[in-house]
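Biologist: Hi! Could you walk me through this structure? I'd like to go region by region.

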Amino acid sequence: MNSVLVFGSINHDTIVSTPRRPQAGETLLGHSVTTQPGGKGANQAVAAARLGARVKMFGSVGADAAGSMMVDSLANEGVDVVGVLRAQVETGAAILTVSDDGENSIIVIPGANKHVGEWQVQELETTVKPGDVVVFQLEIPLAIIAPALKVAQDGNARTILNAAPAHEITSLLPQVDILVVNETEAELLGGYPVASVAEAQRAAANFANAYEVVAIVTLGSLGSVVAEGENLLHIPAVSVDAVDTTGAGDTFVGALAAFLADGMSIAEAAHMASRAGAIACVALGAQASMPTRAALL
Ligand code: ADP
């Protein structure tokens, strides 16, 4: 059985619901506060594990209570956490403020994610096997993604780069097999607007051609486009009553990796990923709303 190996971030998310954002120096009474596991890497690992993939995570949390919680929650999802190091710093955190007007403000403290380094690359090297799918995002130091990509490529695994959050990453692309970006990330990479299906198709075709990758551009409720060689595919979104789209992109990437590891073609896996992304929108939270295999099939 091929594995999904996720090399990336782990965060402890705190979500504060408040009538409005406080002014400087003001104390405000909020509505509620909840905490939940997050980070793009951990989210993608959980999405793949829920769908039945064998998943191992490579990352870093702090030697604090939040770090223990994040490791336990990954392990409870069946993710192998032997590649998660406990660093002597705070666990990465995201503080999300949601005000009554629906606007979000987010502060991210990378913390231990900044300490993903050589140790995790070596762990990846001893783990990776031909046919595995290795998944990267951009919430850990870019300088360590390049050697990790090389280890994955040398091990004859398939590499997926989800170039999120948006960043200049063209130097990484020679070692990437499948590039996944949303509209914002596609705009940064292409240097032109990507808001419609036609614009996303043009961008995906350009990326596929220029960087010799399979390029996937996700477009929220407009679905996604896949450019593979000369083939261009639009996968319309599954129609759902979306309640919270947080984590849709991470669910899409985790599901894509899970079904590729299972032996599906890119087009088949992208169709399944699109269904998984839609299901992730019908309940609150990132990981909480990710579908199981039974919910998808
Ligand atoms: P990101 O969160 O990275 O911006 P997207 O919002 O593009 O990612 O979502 C990824 C995928 O999830 C989409 O390509 C689509 O398949 C699915 N999806 C996202 N939002 C919706 C929605 N409102 N309805 C149905 N499917 C959705």
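**Helix 1 and beyond**

Modeller: Happy to! The buried residues of helix 1 are Gly41, Ala42, Asn43, Gln44, Ala45, Val46, Ala47, Ala48, Ala49 and Arg50. Buried means under 20% relative accessible area, exposed over 50% and partly exposed in between, with a 1.4 Å probe and protein chains only. Helices (H or I, at least four residues) and strands (E, at least two) are DSSP runs, numbered from the N terminus.

Biologist: Before we go on, what kind of model is this?

Modeller: This is a predicted model, where local features need pLDDT of at least 70, side-chain atom pairs count only at pLDDT 80 or more, and totals for chains, interfaces and linings use all residues. Residues are numbered from 1 along each chain as its sequence is written, and side-chain values use heavy atoms, leaving out hydrogens and water.

Biologist: Thanks. Why is helix 1 described as largely enclosed by the rest of the structure?

Modeller: Because 10 of its 11 residues, in the run 40–50, are buried. Just after helix 1, Gly52 takes a positive phi of about 95°.

Biologist: On to the ligand. Which residues come nearest?

Modeller: Asn182, Thr218, Gly220, Gly223 and Val238, out of 18 residues around the ligand. A residue is near a molecule if one of its heavy atoms lies within 4 Å of it.

Biologist: What polar contacts does the ligand have there?

Modeller: A polar side-chain atom of Asn182 is 3.0 Å from a ligand oxygen, and a side-chain N or O atom of Thr218 is 2.9 Å from an oxygen atom of the ligand. Gly249 uses a backbone N or O atom, 3.3 Å from a ligand oxygen. A polar contact is a pair of N or O atoms within 3.5 Å; within protein, one must be able to donate a hydrogen and the other to accept it, and residues adjacent in sequence count only if both atoms are side-chain atoms.

Biologist: How much of the ligand does the protein cover?

Modeller: The protein covers 84% of the 550 Å² of accessible area that the ligand has on its own. These areas come from the Shrake-Rupley method with a 1.4 Å probe; for residues, only the protein chains shown count as cover. Helix 7 (248–261) and helix 8 (266–279) are the elements that give two or more residues to the shell.

Biologist: Val238 was on your list. Where is it, and is it buried or exposed?

Modeller: Val238 sits in the loop between strand 13 (231–235) and helix 7. Val238 is partly exposed, at 38% relative accessible area.

Biologist: Switching topic: what does the side chain of Thr91 reach?

Modeller: The backbone nitrogen of Gly67, at 3.0 Å. Thr91 lies in the loop between strand 5 (80–87) and strand 6 (93–99), and Thr91 is buried, with a relative accessible area of 5%.

Biologist: And the backbone oddities?

Modeller: Most residues other than glycine have a negative phi, and most peptide bonds are trans. Here the bond from Ala164 to Pro165 is cis, with omega near -5°. Pro165 is in the loop between strand 9 (158–162) and strand 10 (178–182).

Biologist: Which residues other than glycine have a positive phi?

Modeller: Asn156 is one, with phi near 60°, and Glu212 is another, with phi near 50°. Asn156 lies in the loop between helix 4 (142–154) and strand 9 and counts as exposed at 56% relative accessibility. Glu212 is in the loop between helix 6 (197–211) and strand 11 (214–218), and Glu212 is exposed too, at 71%.
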